[in-house]
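Me: Please look closely at one residue in this model and at what it touches. Then go on from there to the helices, the aromatic rings and the enclosed spaces.

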Amino acid sequence: MKIITWNVNGLRAALNKGAWGWVQQEQPHVLCLQEIKSRPEQIPEEYQQQFNSHQVYWNPAVKPGYSGVATFTSIPPLLVEYGIGREEFDHEGRVIRTKFVGFNLFNVYFPSGQRGMDRVDYKLTFYSHLLEICDQLHASGERQVICGDFNTAHNDIDLRHPKANQKTSGFLPEERAWIDTYLSHGFVDIYRLLFPDRVEYTWWTYLLNARKNNTGWRLDYFLISEALIPYVKDVKIHTDILGSDHCPVSLVIEA
């Protein structure tokens, strides 16, 4: 199974930049999009027709033009759930869980903390509550894949200028510690496991020619249950693919 995760920073804008053409070339079995900023009825009809080859599950935010996730799949899921059972998070449309044979797939757009400390606290609480759900699934023997925009660079290798960003949300010690916590609860960052020394990023600000200069951050991840490691065939960051300030990441897994 090939799974692609991509924060498109506005689905309609990404479609207008040719994103769907690249997706069709890649032919993923599952496509997880974050920050779609739109509702299904806002997508142009020409694309609605092209989407018909997939089952599409939408979880847009209540607030127009903000947040939201969507999961496209050519493999019928056994179960689909929206949100994490907390209204303060679920009205922002941040999670879709699809259950397939062998594992649960979480498509997640983690909150950003860059609008003040209240949003950092909000972000950390979101991390905590999602992990409670994952712990329950692990305890019942369920294997999991969490993909999406984590809005956190884990270690120094995961951003171009770590020293300059010690006090920047996205690289705060308390945010990074939550990635450590997930990894201590039966998950692995499969990209970093396979490529411990590789320097690649998944997000670049639109300012100051950041992408051209590769002044980026790795914010988009696949965290997978340790039990799934033997089934992973490849994980790839597609740094050359445009259409958003993030690039897509793909995982090939046989589970």
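Reply:
**Contacts of one residue**

Apart from neighbours within four places in sequence, Thr98 is in contact with Thr71, Pro77, Leu79, Val80, Phe103, Asn104 and Leu105 (contact means heavy atoms within 4.5 Å). The model is predicted, with local features needing pLDDT of at least 70 and side-chain atom pairs counting only at pLDDT 80 or more, while totals for chains, interfaces and linings use all residues. Residues are numbered from 1 along each chain as its sequence is written, and side-chain values use heavy atoms, with hydrogens and water left out.

Thr98 belongs to strand E6 (residues 95-100); helices (H or I, at least four residues) and strands (E, at least two) are DSSP runs numbered from the N terminus. With a relative accessibility of 0%, Thr98 counts as buried (buried is under 20% relative accessible area, exposed over 50% and partly exposed in between, with a 1.4 Å probe and protein chains only). One of its contacts, Val80, is 18 residues away along the chain, yet the two C-alpha atoms are 4.6 Å apart.

**Helix H2 and the cavity**

Among the residues that Thr98 touches is Thr71, and strand E4 (69-73) is one of the elements covering the buried residues of H2. Those buried residues of helix H2 (residues 19-26) are Ala19, Trp20, Trp22 and Val23. They lie on the same side of H2, because their arc around the axis is only 155° (the arc is that of the directions from the helix axis to the C-beta atoms). Besides E4, the cover includes strand E1 (2-7), helix H1 (11-16), strand E2 (30-34) and helix H3 (45-50).

Three of the buried H2 residues, Ala19, Trp20 and Val23, also line the largest cavity, together with Trp6, Val8, Leu11, Ala14, Leu15, Leu31 and Leu33. H1, H2 and E2 each give at least two residues to this lining. By class, the lining has 10 nonpolar, no polar and no charged residues (Ala, Val, Leu, Ile, Met, Phe, Trp, Tyr, Cys and Pro count as nonpolar, Asp, Glu, Lys and Arg as charged, and the others, Gly among them, as polar). The cavity has a volume of about 50 Å³, and the count of cavities of 30 Å³ or more is 1. On a 1 Å grid over the protein atoms alone, a cavity is a set of points where a 1.4 Å probe fits but cannot get out; a pocket is an open set with protein on both sides within 12 Å along at least five of seven lines, and lining residues have an atom within 4 Å of a point. Grid points are joined across faces, edges and corners, and the volume is the space filled by probe spheres set on them.

Just after H2, Gln27 has a positive phi of about 50°. Gln27 sits in the loop between H2 and E2 and, at 61% relative accessibility, is exposed. Lys37, in the loop between E2 and H3, also has a positive phi, near 55°, and at 25% relative accessibility is partly exposed.

**Aromatic rings and helix H6**

The model has 17 aromatic pairs (rings of Phe, Tyr and Trp, its six-membered ring, with centres within 6.5 Å; planes under 30 degrees apart are stacked, over 60 edge-to-face and the rest tilted). Phe110 and Phe126 form an edge-to-face pair, since their ring centres are 5.3 Å apart and their planes stand at 75°. Phe110 lies in the loop between strand E7 (103-109) and helix H5 (117-139), and Phe126 in H5, 16 residues apart. Both are buried: Phe110 has a relative accessible area of 0% and Phe126 a relative accessibility of 1%.

Tyr127 and Tyr182 form another edge-to-face pair, 5.9 Å from centre to centre with 80° between the planes. Tyr127 is in H5 and Tyr182 in helix H6 (residues 173-183), so this pair ties together parts 55 residues apart in sequence. The four rings belong to one aromatic cluster that also includes Phe89, Tyr122, Phe150, Trp178, Phe187 and Tyr221.

Tyr182 is one of the buried residues of H6, with Glu175, Arg176, Trp178 and Ile179. These residues share one side of H6, as they cover an arc of only 145°. Their cover includes H5, strand E8 (144-149), strand E9 (187-189) and strand E10 (220-225).

**The largest pocket**

The largest pocket holds about 500 Å³ of space. Its lining has 23 residues, with Tyr109, Ser112, Gln114, Asn151 and Trp203 nearest the centre. By class, this lining divides into 5 nonpolar, 10 polar and 8 charged residues.
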